[in-house]
Amino acid sequence: MPAADVISTAPKPPLRVLLSSPRGFCAGVVRAIDSVERALALYGPPVYVRHEIVHNRYVVESLRAKGAIFVEELDEIPDTDAPVIFSAHGVPQSVPAEAKRRNFLALDATCPLVTKVHRETEIHHRRGREILLIGHDGHPEVVGTMGQLPSGAVRLIETVEDAATVEPKDASNLAYVTQTTLSMDDAAEIVAKLKERFPKIIGPHKDDICYATTNRQEAVKKVAHIVDAMIVVGSPNSSNSQRLKEVAERNGCPYAVLLQRAEDIDWERLSTVKHLGITAGASAPEVLVEEILDALAKRYTLRIETVTAAEEDVFFPLPRPLRDIAAAE
Ligand code: SF4
């Protein structure tokens with residue numbers, strides 16, 4: 001009999017699991033996924049989606065199986081009457097302009113909290129302010145926010161060092177905005193440096209980090225220092241998931257790992273762990289957390305506790321065209 005088929009009758013060792021709450025899907029992700037599902041139901045496949053609707057392989061593959069076609073740019077889409085959906089991360093203004101030129105039925109699933117940052121950016125620009133965007137180079141949200149204004153109008157600040165060395169044209173007429181999924185602690189340090197150097201800089205009350213990113217990081221902070229290891233369920237290209245892993249490490253967790261599926265668990269690495277934290281990025285579905293719990297339960301006797309940092313009841317309605325059609329049915 002091959003080793004994999006041997007069923008152990010030995011008692012399973014105990015494992016205490018601390019589940020961070022809130023974790024997983026946020027209101028913006030639910031709205032974006034629902035937009036694709038709704039468009040598929042209303043118009044039938046195919047539905048084109050520019051960029052991964054949210055950064056999660058499982059979600060993308062599930063939607064692909066239902067008839068969504070994912071592209072990176074609109075020029076990959078043939079002339080079509082099918083809907084074209086923009087992802088939750090937001091898009092530069094050139095994208096809806098191009099969709100209009102090609103007569104696409106465009107549906108914008110940009111998270112309203114990202115759209116809010118776009119509007120702040122436009123207002124600063126209209127008021128003649130030079131804008132600093134705190135964020136990660138190349139992330140689609142950053143590309144989208146910078147793309148709300150003409151090239152050069154927004155400068156990217158990625159680190160405290162960038163904040164310490166940036167030389168604005170007019171320090172008395174400066175504003176900042178931030179990516180929504182940053183580490184709260186990193187962003188606070190960068191904002192503090194900017195305020196120290198440019199006391200007149202204008203910005204949001206603190207930053208533009210969204211409620212979901214904030215709550216998930218706060219929940220990880222409550223768990224990180226009492227566990228031997230932390231599993232963050234999420235995709236490597238998910239900014240908020242990566243930040244959760246960093247937050248766990250910085251708050252005393254000796255081993256934090258980002259996993260997409262149960263099959264990615266390094267059992268050898270977990271063999272000495274007695275207290276395990278689990279969280280999930282805002283784009284990771286709860287079914288993947290359950291899959292990981294099921295895999296753990298096959299090897300350990302689990303004692304599961306939930307550690308809650310905040311209650312969430314945020315809901316965003318679907319993009320207007322989908323809402324209106326649904327209402328008319
Ligand atoms: S993580 Fe925040 S900004 Fe991003 S989709 Fe969710 S609620 Fe919106």
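Strand β8, spanning residues 174–178, is mostly covered in this predicted model, with five of its five residues buried. Its side chains can be followed one by one: L174, Y176 and T178 point one way, A175 and V177 point the other way, and all are buried. Such a pattern fits a general rule, since side chains in a regular strand alternate between the two faces of the sheet. The neighbour to look for is strand β6 (residues 130–134), which runs parallel to β8 and is joined to β8 by five bridges. Within this pairing, L132 has Y176 of β8 as its bridge partner.

Turning to the interior, the largest nonpolar core holds 25 residues, and V36, V49, I53, V54, L63, F70 and I85 have the most contacts inside it. Two or more residues each come from α1 (27–43), β2 (47–50), α2 (57–66) and β3 (68–71). Of these elements, α1 gives the most, with six residues. Apart from this core lies another, of 24 residues, with L19, I231, A262 and I292 among them. In soluble globular proteins, nonpolar side chains tend to be buried together.

Helix α9 (residues 239–250) offers a further landmark. Its twelve residues reach 16 Å from the first C-alpha to the last, close to the 16 Å expected at 1.5 Å a residue. Buried positions in α9 include S239, N240, R243, L244 and V247. The buried residues of this helix pack against α8 (211–224), β9 (229–233), β10 (256–259) and β11 (275–280). After α9 comes G252, with a positive phi near 100°.

Methods:
Residues numbered from 1 in each chain as written. Predicted model: local features only at pLDDT ≥ 70, side-chain atom pairs only at ≥ 80, totals over all residues. Heavy atoms only, no water. Core = buried A, V, L, I, M, F, W, Y, C linked by side-chain atoms within 4.5 Å. Buried < 20%, exposed > 50% of the residue type's maximum accessible area, 1.4 Å probe, protein only. Helix = DSSP H or I, 4+ residues; strand = E, 2+ residues; numbered from the N terminus. Pairing = 2+ DSSP bridges. Expected span 1.5 Å × (residues − 1). Contact = heavy atoms within 4.5 Å.
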